[in-house]
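Visitor: Could you walk me through this one at an easy pace? I'd like to look at it while we talk.

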Amino acid sequence: MSENLRKYFTTGEFAKLCNVKKQTLFHYDEIGLLSPEIKNDKGYRYYSYHQFDVFNVIELLKEVDMPLKEIKLFLKNKTPVELIELLKGKSLEIEKKINTLNQIQKIIDTKITLTEYALTIDFSQITLVEQAEEQLFLSNSILDCSDREFLKSISTFIDYLYTNELDLGYPIGAVVSKEKLLGEDYDNYSYLYTKIAEDAKGISFYTKQKGLYVVGFHKGDDKNISKTYKKMMDFIDTHHIKLGSYAYEEYVLDEISVTGNDNYVTQIMIEVEE
């Protein structure tokens with residue numbers, strides 16, 4: 001190698017430095033994206049260490065889904081101002097992706113925790129349990145609504161959660177008032193609810209009170225859930241327990257974790273007065 005080329009990388013050396021195959025560099029040269037700084041009469045190609053930065057920028061822009069044609073156009077007409085604008089835009093895209101991935105991670109972690117909890121439960125038992133205070137996000141009132149209004153309310157509720165990126169993987173539950181429990185009108189819900197991050201901005205929360213709850217589990221289709229409610233109400237009567245204001249029901253096992261609605265499990269928590 002001549003003295004003039006000692007500070008240059010061969011194609012193989014530069015490919016190793018960039019952790020890619022030589023064919024990648026050949027392709028970039030062929031399409032005019034990144035050509036070797038020197039090509040001698042024998043066809044040998046040589047890259048300078050300065051081109052490593054250019055290669056890194058190309059790979060960075062590829063990672064944020066910028067097509068090679070657009071990268072080539074940018075590199076041919078680049079200015080410092082255009083570089084700043086381009087990278088600021090890509091930075092915002094990356095930030096949004098990071099936020100989305102963080103939310104997905106939270107949803108995954110929630111699903112793991114809830115499913116692990118479900119595996120510890122004896123679904124045949126009805127128990128009196130001390131539960132902590134919880135902040136719930138409620139839908140608009142759905143009390144005494146028609147079936148069509150109910151479906152519309154669910155759609156609106158879910159759409160709001162997803163549009164505002166509030167979903168953390170918790171199930172959508174339902175609130176039943178004391179009056180409806182006593183009237184055996186168990187599927188006449190007052191509200192839908194779910195749990196979201198308590199630091200969510202601009203969101204009003206409803207407080208599910210700390211205290212004792214009669215907790216039972218319904219396995220199977222929701223159409224038969226009244227049987228489980230009646231068993232729990234019998235438990236309350238037998239133990240001379242005074243009803244609180246609301247009952248809360250939510251899935252602990254659903255289509256995500258089991259196959260067929262016969263295997264669904266709904267947790268029912270009936271608030272009682274101590």
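Guide: First, some vocabulary: helices (H or I, at least four residues) and strands (E, at least two) are DSSP runs, numbered from the N terminus. This is a predicted model, where local features need pLDDT of at least 70, side-chain atom pairs count only at pLDDT 80 or more, and totals for chains, interfaces and linings use all residues. Residues are numbered from 1 along each chain as its sequence is written, and side-chain values use heavy atoms, with hydrogens and water left out.

Visitor: Which residue just after H3 takes a positive phi?
Guide: Most residues other than glycine have a negative phi. Look in the loop between H3 and H4, where phi is near 65 degrees in a residue other than glycine. The residue is aspartate 65.

Visitor: Is aspartate 65 buried or exposed?
Guide: Buried means under 20% relative accessible area, exposed over 50%, and partly exposed in between (1.4 Å probe, protein chains only). Aspartate 65 has a relative accessible area of 55%, so the label is exposed.

Visitor: How many degrees does the arc of buried residues in H3 cover?
Guide: The buried residues of H3 are Gln51, Phe55, Ile58 and Leu61. Take the directions from the helix axis to the C-beta atoms; the arc is theirs. Seen down the axis, these buried residues line one face of H3, because they fall within an arc of 125 degrees.

Visitor: And which residues are exposed on the other side of H3?
Guide: Turn away from the face lined by the buried residues. Exposed on that other side are Asp53 and Glu63.

Visitor: What covers the buried residues of H1?
Guide: In H1 (residues 11–18), the buried ones are Thr11, Phe14, Ala15 and Cys18. They fall within an arc of 100 degrees, so they line one face of the helix. Counting contact as heavy atoms within 4.5 Å, the cover includes strand S1 (9–10), helix H2 (22–30), strand S3 (45–47) and helix H3 (50–63).

Visitor: Which strands are at the edges of the sheet?
Guide: Two strands pair if DSSP finds at least two bridges between them. Three strands form an open, antiparallel sheet in the order S1-S3-S2, and two bridges join S1 to S3. Each edge strand pairs on one side only, and the edges are S1 and S2 (38–39).

Visitor: Which residue in S3 stands opposite threonine 10?
Guide: S1 and S3 run antiparallel. Across from threonine 10 you'll find tyrosine 46.
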